[in-house]
Amino acid sequence: MPKMYKDLENGINKEEKGETKKAVKTATRLAECGLFVVLMVVSAYIRIPIPYVPLTFQTVVSVLAGLLLGGWFGAAAVAVYVFMGLLGLPVFANGGGGIGYVLQLSFGYLIGFIAAALVLGLVLGKNGTSFRKMVIAAFFGVLANYIVGLPYFMILWSGYYHYSNAWNALLIYNLIYFPKDLLLCFLAAVLAVRVKPLIHR
């Protein structure tokens, strides 16, 4: 009998430890997501003002979110940021916010940040810690951002605002910055490969 009670007690203790460990892991993940929401807000205010599509560092932050948190958690963090802005909080570039922001030419890139974090996180996988894998994943993330952002820009430019010179606008306000984003995301991969092992610990 004593042995049976001892085994039962050990089993309960293991179960409690497992639940505690799971709760701590969940709390840690939520805290990390919250941190990246804050980083998205801060990076929106660090910008280079140009017409139509202001340059911010949000592409880099969304890439880091996917690299460090994984696809689903990274995308969730960026999605919370976008949702906050749509609710009216002044978290977008230029202190913008509100549902009317969907008619901004740059809004497609905000949706693209969610896609970027998700796609590159899935490309990287759970155990992707090598620099090569992170660079490849970051490339696909930036590509996903532009795949979403460019058509959105073009639809609003020509279909809603009826502006002219659509192809020139596509080049001047969009594609010309693609090499810059690739370079910054390469640097993000350099940072992520050093930070990710520490997070896993």
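Is Cys185 buried or exposed? Cys185 is buried, with a relative accessible area of 1%. Keep in mind while reading that this is a predicted model. Here are some points to look at as you turn the structure around.

1. **The cysteines.** Cys33 joins Cys185 on the buried side: its relative accessibility is 11%, and it counts as buried because the cut-off is under 20%. As for disulfides, the count in this model is zero.

2. **The nonpolar core.** In general, nonpolar side chains of soluble globular proteins tend to be buried together. Here the largest nonpolar core has 52 residues, and those that touch the most other members are Phe36, Val63, Leu67, Tyr81, Leu110 and Phe153. At least two core residues come from each of these helices: H1 (2-45), H2 (58-69), H3, H4, H5 (131-160), H6 (166-172) and H7 (178-200). Helix H5 gives the largest share, with 10 residues.

3. **A closer look at Val63.** This is a good residue to click on. If you set aside its neighbours within four places in sequence, Val63 has contacts with Leu120, Ala138, Val142, Cys185 and Ala188. So the buried Cys185 from the opening question turns up again here, as one of the contacts of Val63.

4. **Aromatic pairs, starting with Tyr81.** The model has 13 aromatic pairs. One of them joins Tyr81 and Phe92, whose ring centres are 5.6 Å apart with 75° between the planes, an edge-to-face arrangement. This pair links distant parts of the chain: Tyr81 belongs to helix H3 (residues 71-86), while Phe92 lies in the loop between H3 and helix H4 (107-124), 11 residues apart. Both Tyr81 and Phe92 are buried.

5. **Trp157 and Tyr163.** Why is this pair called edge-to-face? The ring centres of Trp157 and Tyr163 are 4.8 Å apart and the planes stand at 75°; planes over 60 degrees apart count as edge-to-face, so the pair takes that label. The two partners are placed differently with respect to the surface: Trp157 is buried at 5% relative accessible area, whereas Tyr163 is partly exposed at 37%.

6. **The aromatic cluster.** Trp157 and Tyr163 also belong to one aromatic cluster, together with Phe153, Tyr160, Tyr161 and Tyr173. Phe153 is worth a second glance, as it is also among the core residues that touch the most other members.

7. **A charge over a ring.** Finally, have a look at Arg29 and Phe73. The charged end of Arg29 sits over the Phe73 ring, 5.0 Å from the ring centre.

How values were computed. Residues are numbered from 1 along each chain as its sequence is written. This is a predicted model: local features need pLDDT of at least 70, side-chain atom pairs count only at pLDDT 80 or more; totals for chains, interfaces and linings use all residues. Side-chain values use heavy atoms; hydrogens and water are left out. Rings of Phe, Tyr and Trp (its six-membered ring) pair if their centres lie within 6.5 Å; planes under 30 degrees apart count as stacked, over 60 as edge-to-face and the rest as tilted. Helices (H or I, at least four residues) and strands (E, at least two) are DSSP runs, numbered from the N terminus. Buried means under 20% relative accessible area, exposed over 50%, partly exposed in between (1.4 Å probe, protein chains only). A charge sits over a ring if NZ of Lys or CZ of Arg is within 6 Å of the ring centre and within 35 degrees of the ring normal. A nonpolar core is a set of buried Ala, Val, Leu, Ile, Met, Phe, Trp, Tyr and Cys residues joined through side-chain atoms within 4.5 Å. Contact means heavy atoms within 4.5 Å. A disulfide is a pair of cysteine sulfur atoms within 2.5 Å.
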